[in-house]
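Please take a moment to look over the sequence and the model before reading on. The paragraphs below lead from one part of the fold to the next, and then to the chain as a whole.

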Amino acid sequence: MQKLIFPWLGGFMGLVLTVQAAWPEFRGPTGDGHAPKTARPPATWSETANVRWKTAIHDKGWSSPVIWDNQIWLTTAAENGTRLYAVCVDAASGKILHDLLLFEVETPQYCHPFNSYASPTPAMEAGRVYVTFGAPGTAAVDTRTGKVLWTRRDFQCNHYRGAGSSPILYQNLLILHFDGSDHQYVVALHKDTGQTVWRVNRSIDFQDLGADGKPFMEGDLRKAFATPQVVTLQGRPLLISQGAKAQYAYDPLTGKEFWRFEERSCHSASGRPLYGNGLLYMTCGFSRGTLLALRPDPQDPTRPPAEAWKTNRSMPSKPSPLLVGDLIFVVDDGGLASCLDALTGQEIWRERIGGNYSASPLYVPATGLIYFFSEDGKTTVIKAGRQFEKVAENRLPAGFMASPAVVGNALILRTRTHLYRIEE
């Protein structure tokens, strides 16, 4: 067991815990796709090289793995959505420790075949994992025993194409998005009991006029799949949350809306916001991806922000961006990778790396490498710099829909069929 410092845990700076590793939420401990600073995973592998173990995961699920104290948790579901599972894998051996049927659904909502009924990534902390499948059910599970501590099945939301937003933990709250074709809201549950602490409806509801001049509501333009992020600006925590057609800032403890920024050209946001260089960065738009940079009010971040810049040239709809210093790296859904100046949005380079992409990329600070994971199983590794430099290209069968995780010096990679530990 190694000692790692988690200054964010419980709000206590410098608290030292003896655990093997932690990758507790979608996109990791800081929610931005950065590996821990000490991690040095390999840049090359294959089905027969640098694979410590490989474990089959039954049924279908695109949720990303989360890790705490030598346990890896992820979700999966029957392809028709009638059975929803949480699976725990031992990080050292790859052995399945728990395979829990959490919910049975008599009449599942429609889910687009490209999506899965188990796409939201769990959130994890010491002793517990919090799992959601959207409206079909949310549960808290004791990670030692596999006992279900509480469940909620009363949230109404037509996800229209299937759920995708992942939950996050903030203090004693589990925060979830429900942005569907019928209802759009954010809810915070007490993590110990599952009881609702606050709930707030989105303050914008997209409507359009039909040929008869009467309002109608298009489901695709009303839903979203994004995961929120809590950032602290001028000493004040803000929950940065993306819905359909607008970006929001809420008080994470009460749900009070501080501001919203409308971007009507976008819909179906699916990434996770980033903050750096005094700017908020977020992707939105499904048919045509857009990267948006907002500048919070430097005196009062609860006031509406200003648009710093935006671009829709080869921007992703599904993969989240990476912020590395004053550079932003993205890969669009069709395999065009780009590097942008994070302050201005100016394109520095753009290269075709090939393939189609849903998984979000990974940055490893210790090696300065970026990993892009394609739907056909190819991983392209490049240097994080102002010039495009490819370091390696690797392949695994089945392909990636889930985003990666890191434990120690290993990559935890979920393909459509298996979970891998990649390590020298």
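In this predicted model, a good place to begin is an open sheet of 5 strands, which follow one another in the order 3-5-6-7-8 with antiparallel pairing. At its edges lie strand 3, covering residues 22–23, and strand 8, covering residues 96–104, and each of these pairs on one side only. Strand 3 is joined by 2 bridges to strand 5, which spans residues 66–68, and the two run antiparallel. Within this part of the sheet, A22 has W68 of strand 5 standing opposite.

Another open sheet can be followed in a similar way, built from 4 strands in the order 31-32-33-34, again with antiparallel pairing. Its edge strands are strand 31, at residues 362–364, and strand 34, at residues 390–395, each of which pairs on one side only. From one strand to the next, the twist averages 20°. Strand 33, made of residues 378–383, is held to strand 34 by 5 bridges, and these two strands run antiparallel. One residue pair to look for here is K378 and R395, the latter being the bridge partner of K378 in strand 34.

A single residue elsewhere in the chain may also be examined, namely T232, which belongs to strand 19, a strand that runs over residues 229–233. Is T232 buried or exposed? Its relative accessible area is 52%, and because a residue counts as exposed when this value is over 50%, T232 is exposed. Along the sequence, T232 and A306 are separated by 74 residues, while in space their C-alpha atoms are 18 Å apart.

The surface also has pockets to consider, and the second largest pocket has a volume of about 620 Å³. It is lined by 27 residues, of which F114, N115, F225, S270 and K318 are the closest to its centre. Sorted by class, the lining of this second largest pocket consists of 9 nonpolar, 14 polar and 4 charged residues.

With these parts in mind, the reader can turn to the whole chain, which has 37 strands and 0 helices. Its C-alpha atoms fill a box of roughly 60 × 50 × 45 Å when this is taken along the principal axes. For 424 residues, a compact globule would be expected to have a radius of gyration near 22 Å, and the protein chain, with 20 Å, agrees with that. Of the 424 residues in the protein chain, 61% are buried.

Notes:
Residues numbered from 1 in each chain as written. Predicted model: local features only at pLDDT ≥ 70, side-chain atom pairs only at ≥ 80, totals over all residues. Heavy atoms only, no water. Buried < 20%, exposed > 50% of the residue type's maximum accessible area, 1.4 Å probe, protein only. Pairing = 2+ DSSP bridges. Axes fitted to C-alpha atoms, helices over the stretch in contact; angles between N-to-C directions. 1 Å grid on protein atoms, 1.4 Å probe; cavity = no way out; pocket = protein on both sides within 12 Å on 5 of 7 lines; lining within 4 Å. Points joined across faces, edges and corners; volume = space filled by probe spheres on them. Nonpolar A, V, L, I, M, F, W, Y, C, P; charged D, E, K, R; others polar. Rg over C-alpha atoms; globule rule 2.2 N^0.38 Å.
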